[in-house]
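Student: Before we discuss the charged contacts, could you show me the model, so that we can set each value against its definition?

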Amino acid sequence: MANLGSSTVMLTGAGGALATAIAQELDDAGAQIVLVGRGESLARAADRVPATEVIDADLTDPASIDLLRKVKVDTLIHTVGAYATQDAQKATGEDYRTMFDENMLTLFHAVQGVLPSMLRQKDGMILGVSAGQAAQLSGPKAALYTASKAAVAAYVLSLHDELKGRGVRGCVLYPMGSIDTPENRDEGVKWEAMIDPRGLAKSVAHALSRPDRAHVTEMKVYPDEME
């Protein structure tokens with residue numbers, strides 16, 4: 001298991017299946033955890049995992065930037081996101097705003113919140129969760145979702161190239177399949193095509209524990225059926 005005892009990690013999307021698994025893995029590895037989320041799901045997450053800070057914030061709102069700037073962290077793990085499908089010709093402006101606000105704007109605000117302190121301390125890591133469709137640049141009936149998740153990857157990797165000389169690194173996680181959640185099971189996604197969120201959490205902990213000269217910038221994690 002990774003040893004992250006000297007790290008303070010901000011985890012957005014607290015309460016979601018992936019964030020819950022990551023929080024448990026990081027707690028087991030000794031990290032100090034800052035949970036960011038909304039309402040009841042945030043409260044449930046705080047009950048499960050001890051956190052040094054719990055921040056209730058809407059990351060689509062620019063006001064969230066100032067809330068996050070009050071906390072000094074070493075790593076940002078951004079799991080906030082939304083998924084939807086639609087026929088291309090039926091997609092609306094509201095569909096566009098929802099996908100890009102939830103998947104990209106939330107990341108932008110989170111980064112703006114944590115980046116000043118990372119640059120001051122000349123150390124930090126930003127990990128964004130993209131999607132298999134974005135890695136493949138192909139998402140039939142999910143063009144807006146695919147485009148917004150591709151934007152997540154491009155943004156994080158561009159940050160890495162711009163800021164690595166100042167001690168701030170980036171990493172993109174691509175779940176190359178559906179995450180195993182009650183919702184996905186209810187929708188009939190086959191078990192073989194789903195990824196255990198605990199496996200993804202271990203991949204995240206692995207990336208966080210790499211030394212500077214062995215940094216991981218992209219991780220594709222597959223379910224058995226899709227390898």
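Tutor: What follows is a short discussion of salt bridges and exposure in this predicted model.

Student: Why is the contact between R38 and D58 called a salt bridge?

Tutor: The closest N and O atoms of R38 and D58 are 3.9 Å apart, and because the definition asks for a side-chain nitrogen of Lys or Arg within 4 Å of a carboxyl oxygen of Asp or Glu, the pair qualifies. R38 lies in the loop between β2 (32–37) and α2 (39–48), whereas D58 lies in the loop between β3 (53–56) and α3 (64–68), so the salt bridge ties together parts that are 20 residues apart in sequence.

Student: What makes R38 buried, partly exposed or exposed?

Tutor: R38 has a relative accessibility of 46%, and since partly exposed covers the range between under 20% and over 50%, R38 is placed in that class. D58, at 31%, is likewise counted as partly exposed.

Student: How do you know that D87 and K141 form a salt bridge?

Tutor: Their closest N and O atoms are 2.2 Å apart, which is within the 4 Å cut-off, and therefore the pair counts as a salt bridge. D87 is in the loop between β4 (75–78) and α4 (93–121) and K141 in the loop between α5 (132–136) and α6 (143–163), so the parts they tie together are 54 residues apart in sequence.

Student: Why is K141 called exposed, while D87 is called partly exposed?

Tutor: K141 has a relative accessibility of 53%, and exposed means over 50%, so K141 is called exposed. D87 has 23%, which lies in between the two cut-offs of 20% and 50%, and D87 therefore counts as partly exposed.

Notes
Residues numbered from 1 in each chain as written. Predicted model: local features only at pLDDT ≥ 70, side-chain atom pairs only at ≥ 80, totals over all residues. Heavy atoms only, no water. Helix = DSSP H or I, 4+ residues; strand = E, 2+ residues; numbered from the N terminus. Buried < 20%, exposed > 50% of the residue type's maximum accessible area, 1.4 Å probe, protein only.
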